[in-house]
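Grab a coffee and open the viewer. Below are a few short exercises, each with a solution worked through in steps.

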Amino acid sequence: MICDSFTSPYGDFIIEEQKGKIVRIYPGSLEKHETSTVSTLCKNQLTEYFEGKRKQFDVPVFFTGSTFQIKVWKEVLKIPYGQTKSYQEIAELIGNPKASRAIGMALHKNPIPFIIPCHRVIGKNGSLTGYAYGLSLKKELLEMEKKYD
């Protein structure tokens with residue numbers, strides 16, 4: 001496994017890569033880190049995203065989670081830049097309309113934030129609810145995307 005670090009406008013993150021694919025991004029920093037072609041590509045794409053120059057990621061990723069979680073994450077990947085969907089809409093799109101709460105739990109376990117844009121999932125009434133990295137970051141990411149959309 002390769003662990004690299006990245007400084008964003010929202011703090012430091014660690015990027016984990018395994019077998020040429022990104023498996024995890026999470027807050028933190030490393031004193032000693034490794035760099036690879038894929039981790040460099042990921043850092044470049046994240047930088048472009050935060051600068052409003054990238055609307056979609058094409059860095060290779062590998063999902064580690066349950067079948068349900070992966071289904072949710074793949075559906076969330078379809079939400080266009082600058083747009084949102086509700087937990088209820090995601091539940092309906094995956095064919096499980098009563099799973100809104102389970103959708104929230106799956107998104108809380110999202111191992112690859114930003115790339116899997118779980119910040120684009122909001123409450124049915126348009127409210128900002130739940131985000132593993134805090135509602136203030138969720139709000140900032142949504143505002144950034146609106147600004148550059």
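The exercises move from the whole chain to the core, one helix and a few single residues. Keep in mind that this is a predicted model.

**Exercise 1. Work out the overall layout of the protein chain, and check its radius of gyration against that of a compact globule.**

Step 1: Count the elements. You should find five helices and five strands.

Step 2: Walk along the sequence and write down their order. The pattern reads β-β-β-α-α-β-α-α-β-α.

Step 3: Now the size check. For 149 residues, a compact globule would have a radius of gyration near 15 Å, and the protein chain has 15 Å, so the two agree. Along its principal axes, the C-alpha trace spans about 45 × 35 × 25 Å.

Step 4: Look at burial and contacts. Of the 149 residues, 45% are buried. Take the contacts with a separation of 6 or more: 54% of them join residues 24 or more positions apart.

**Exercise 2. Find the residues that touch the most other members of the largest nonpolar core, and say which elements feed that core.**

Step 1: Pick out the hubs. The core has 37 residues, and Ile25, Leu46, Val72 and Leu107 touch the most other members.

Step 2: Trace the suppliers. At least two core residues each come from strands S2 (11–18) and S3 (21–27), and from helices H1 (37–50), H2 (67–76), H3 (87–93), H4 (100–108) and H5 (135–148). H1 gives the largest share, with five residues.

Step 3: Zoom in on one hub. Setting aside residues up to four places away in sequence, Leu46 touches Phe6, Ile15, Ile25, Phe57 and Phe114.

**Exercise 3. Decide which residues of H5 are buried and what they pack against.**

Step 1: Check the helix length. At 1.5 Å a residue, the 14 residues of H5 should span 20 Å; the end C-alpha atoms are 20 Å apart, which agrees.

Step 2: List the buried residues. They are Leu137, Lys138, Leu141, Leu142, Met144 and Glu145.

Step 3: Look down the axis. The buried residues of H5 fall within an arc of 155 degrees, so they line one face of the helix. Ser136, Lys146 and Lys147 are exposed on the other side.

Step 4: Find the partners. The buried residues of H5 pack against H1, H3 and strand S5 (121–122).

**Exercise 4. Two loop residues, Lys19 and Phe114, have a positive phi. Is each one buried or exposed?**

Step 1: Start with Lys19, in the loop between S2 and S3. Phi is near 55 degrees, and the residue isn't glycine. Lys19 has a relative accessible area of 82%; that is over 50%, so Lys19 is exposed.

Step 2: Move to Phe114, in the loop between H4 and S5. Here phi is near 75 degrees, again in a residue other than glycine. The relative accessible area of Phe114 is 2%, under the 20% cut-off, so Phe114 is buried.

**Exercise 5. Sort Ser36 and Leu93 by burial, then name their contacts beyond four places in sequence.**

Step 1: Ser36 sits in the loop between S3 and H1. At 15% relative accessible area, Ser36 is buried, and its contacts are Ile2 and Glu17.

Step 2: Leu93 lies in H3. Its relative accessibility is 47%, so Leu93 counts as partly exposed. Leu93 contacts Glu75 and Lys85.

Technical notes: Residues are numbered from 1 along each chain as its sequence is written. This is a predicted model: local features need pLDDT of at least 70, side-chain atom pairs count only at pLDDT 80 or more; totals for chains, interfaces and linings use all residues. Side-chain values use heavy atoms; hydrogens and water are left out. A nonpolar core is a set of buried Ala, Val, Leu, Ile, Met, Phe, Trp, Tyr and Cys residues joined through side-chain atoms within 4.5 Å. Buried means under 20% relative accessible area, exposed over 50%, partly exposed in between (1.4 Å probe, protein chains only). Helices (H or I, at least four residues) and strands (E, at least two) are DSSP runs, numbered from the N terminus. Contact means heavy atoms within 4.5 Å. The expected span of a helix is 1.5 Å times one less than its number of residues. The arc is that of the directions from the helix axis to the C-beta atoms. The radius of gyration is taken over C-alpha atoms; the globule rule is 2.2 Å times the number of residues to the power 0.38.
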